[in-house]
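Colleague: Hi! Could you walk me through this one? I have a few quick questions.
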Amino acid sequence: MDDCIFCQIVDGDIPSRTVYEDEDVFAFLDVNPLAPGHTLVIPKGHYETLGDVPGDLGADVLTAVHRLVPVVEDAVDADGSTVAFNNGEAAGQEVPHVHCHIVPRFEGDGHGPIHALFGGPGEMDDDELDAIADRISDAAN
Ligand code: 5GP
Ligand code: ZN
């Protein structure tokens, strides 16, 4: 995709602080880091959201995330990390090339868990939860 900023980074047309690369996956430091070491992991191919990514490539991206998380944490002496996809515009995704954020976390950094995004659990009764679980398991298995 010519006008995709992350495709241009993969192609070397826009510089980045590249931290990992293999045949299908690319990782680089976020230009506006939320914390020291904030890293983005992307498939080299252009796909907008996780659901668009072919299964094998999704596995490759997760394999790279699995490899990078401890390495990134060690590099900045972090105590943990928040690992997340803003998956789709409704979830706040701004760059329409799927990417996994690895954001190092530090004891007492005060940012809270991803639950803090929602301000607490929503109200759902057992029938609704059962119906949702059935729909997901019917499609996933
Ligand atoms: P999103 O909101 O789409 O999940 O996150 C996009 C991320 O990409 C943001 O954290 C932003 O700082 C980062 N970003 C946007 N443009 C560039 C760029 O040109 N280079 C790098 N390294 N990161 C970028
Ligand atoms: Zn792209």
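Colleague: Which residues form one aromatic cluster?
Modeller: Happy to help, and keep in mind that this is a predicted model. The cluster is made up of Phe6, Phe26 and Phe28.

Colleague: How many aromatic pairs is that?
Modeller: The count comes to two. Phe6 and Phe28 meet edge-to-face, 5.3 Å centre to centre with 80 degrees between the planes.

Colleague: And which parts does that pair tie together?
Modeller: Phe6 sits in helix α1 (residues 5-10) and Phe28 in strand β2 (residues 25-29), so the contact links parts that are 22 residues apart in sequence.

Colleague: What about Phe26 and Phe28?
Modeller: Those two form a tilted pair, with 5.9 Å centre to centre and 50 degrees between the planes.

Colleague: Are Phe26 and Phe28 buried or exposed?
Modeller: Phe26 and Phe28 are both buried, and Phe6 is buried too.

Colleague: Switching topic: how many cavities of 30 Å³ or more are there?
Modeller: One, and the space in the largest cavity is about 40 Å³.

Colleague: Which helix gives the most to its lining?
Modeller: Helix α2 (residues 55-75), with three residues. The lining residues include Pro43, Leu50, Phe85 and Val98.

Colleague: How do the lining residues divide by polarity?
Modeller: Seven are nonpolar, one is polar and none is charged.

Colleague: Last one: where is Gly110 found, and why does Gly110 count as exposed?
Modeller: Gly110 is in the loop between β5 (100-105) and α3 (126-140). Gly110 counts as exposed because its relative accessibility is 70%, and the cut-off is over 50%.

Note on methods:
Residues numbered from 1 in each chain as written. Chains lettered and ligands numbered in written order. Predicted model: local features only at pLDDT ≥ 70, side-chain atom pairs only at ≥ 80, totals over all residues. Heavy atoms only, no water. 1 Å grid on protein atoms, 1.4 Å probe; cavity = no way out; pocket = protein on both sides within 12 Å on 5 of 7 lines; lining within 4 Å. Points joined across faces, edges and corners; volume = space filled by probe spheres on them. Helix = DSSP H or I, 4+ residues; strand = E, 2+ residues; numbered from the N terminus. Nonpolar A, V, L, I, M, F, W, Y, C, P; charged D, E, K, R; others polar. Buried < 20%, exposed > 50% of the residue type's maximum accessible area, 1.4 Å probe, protein only. Phe/Tyr/Trp six-rings, centres within 6.5 Å; stacked < 30°, edge-to-face > 60°.
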